[in-house]
Amino acid sequence: MKIDQLINEIRKKQSFLCIGLDVDLNKIPKHLLNEDDPIFAFNKAIIDATHHLCVAYKPNTAFYEAYGIKGWQALERTISYLNKEYPEIYTIADAKRGDIGNTSTMYAKAFFEDLGFDSVTVAPYMGKDSVEPFLAFKDKHTILLALTSNQGAFDFQTKSLDGLELYKHVLQTSITWKNAQNLMYVIGATKAEYLSEIRQIIPDNFLLVPGVGAQGGNLQEVCKYGMTENVGLLINSSRGIIYASQEKDFAQSAARKAEELQQQMHLVLSK
Ligand SMILES: O=c1ccn([C@@H]2O[C@H](COP(=O)(O)O)[C@@H](O)[C@H]2O)c(=O)[nH]1
């Protein structure tokens, strides 16, 4: 998807919400376990109930890989369903890949060509030749881990290297790479206080911001320091939305949680 289409959709829906499809069979309503494909049945119900409130879905591939072939098939069915029924929705494979060049090309083909995702998350630490193969795909986005939402982000990412924090090296260097217009970055909602400085380095790139809800990040803070003229934010919530209820009304409960966030986003956008 072209970035302009995403921006138009954000304006139309007054939402920059990304819903994380992190399906754990121990947390979904019990009656779905009788379905042939419980993961897809869960995702389909959540998507059908929430698609008008969000602009993106982000399955984290770990939650599919953990279930072997059946999990991967559920991932394929989910992305096919999204692309067929809701082509206006932006899709993110949260796979955190990246390897030597020829291997990265195969990862990129898997997520962009075979599965048909709009974007994939990539770890930056193997450097330019590990990321550029992803960037070579037209109208596809590579979402580079920059400053993550977890506590471990302080182990390496904020450490100083040659007088500059490592995550800033990631930002500064990656924007010089070929096809850098296809880059987005992961910045945790729990790191909102870093956003002003981040925006000085990457004023325009979209940020994928996980960590609101279950991890305690604050949506208003993220918007205050991270929002650009073109919004520039996709704020993700996974558990806080999809596990709002474990009863038969789970999809409606998820929609209510999604609407709470969408309403907050609408307020921010109308200021
Ligand atoms: O820095 C990061 C990068 C990725 N994630 C992923 O986002 C979701 C967050 O889920 P919640 O249930 O809303 O906490 C999950 O898939 C993480 O693996 C992240 O949290 N932080």
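**Entry 1: the loop before the barrel**

I began with Gln14, which sits in the loop between helix H1 (3-13) and S1. What I have open is a predicted model, and I keep that in mind throughout. I looked up the backbone of Gln14 and found its phi near 55°, a positive value in a residue other than glycine. I noted this since most residues other than glycine have a negative phi. For its surroundings, I counted 17 other C-beta atoms within 10 Å of Gln14, so I enter it as partly exposed.

I then turned to another loop, the one between helix H6 (128-135) and S5, where Asp139 is found. Asp139 also has a positive phi, near 60°, although it is not glycine. With 11 other C-beta atoms within 10 Å, Asp139 goes down as exposed, because the cut-off for that class is 12 or fewer.

**Entry 2: the barrel**

Next I followed the strands, and I found that 8 of them close into a barrel in the order S1-S2-S3-S4-S5-S8-S9-S10, with parallel pairing. From one strand to the next, the twist averages 30°. I reminded myself that strands of a sheet pair through backbone hydrogen bonds, either parallel or antiparallel.

In that order S8 follows S5, and I checked this pair: strand S5 (residues 141-147) and strand S8 (residues 183-187) are joined in the parallel sense over 5 bridges. As one example of the register, I wrote down Leu145, whose bridge partner in S8 is Val186.

I also looked at Val120, which has its place in strand S4 (residues 119-122). Val120 has 26 other C-beta atoms within 10 Å and is therefore buried. I noted Ile143 along with it, since the two lie 23 residues apart in sequence while their C-alpha atoms are 5.9 Å apart in space.

**Entry 3: strand S10 and its neighbours**

How many of the residues of S10 are buried? I found 5 of the 5 to be buried, so S10 is largely enclosed by the rest of the structure. Leu233, Ile235 and Ser237 point one way from the strand, while Leu234 and Asn236 point the other way. This is the pattern I would look for, as side chains in a regular strand alternate between the two faces of the sheet.

On one side, strand S1 (residues 17-20) runs parallel to S10 and is joined to it by 3 bridges, and here Ile19 has Ser237 as its bridge partner. Strand S9 (residues 207-210) likewise pairs with S10 in the parallel sense, over 4 bridges, with Leu207 partnered by Leu233. Between S9 and S10 the chain passes through helix H10 (residues 219-226), and I record this β-α-β crossover as right-handed.

**Entry 4: around the ligand**

Which residues come nearest to the ligand? Of the 19 residues around it, I listed Asn60, Thr148, Pro210, Ser238 and Arg239 as the nearest. The elements that give two or more residues to this shell are strand S10 (233-237) and helix H11 (239-242). Sorting the shell by residue type, I obtained 3 nonpolar, 13 polar and 3 charged residues.

**Entry 5: the record**

Last, I consulted UniProt, where an unreviewed entry carries the annotation "domain: Orotidine 5'-phosphate decarboxylase" over residues 16-254. In the model, that span is 39% helix and 18% strand, and its end C-alpha atoms lie 16 Å apart.

Technical notes: Residues numbered from 1 in each chain as written. Predicted model: local features only at pLDDT ≥ 70, side-chain atom pairs only at ≥ 80, totals over all residues. Pairing = 2+ DSSP bridges. Axes fitted to C-alpha atoms, helices over the stretch in contact; angles between N-to-C directions. Near = placed C-beta within 6 Å. Nonpolar A, V, L, I, M, F, W, Y, C, P; charged D, E, K, R; others polar. Buried ≥ 20, exposed ≤ 12 C-beta atoms within 10 Å, placed from the backbone. Right-handed = clockwise from strand over helix to strand, strands pointing away. UniProt positions renumbered as here; feature names shortened; annotations may be inferred.
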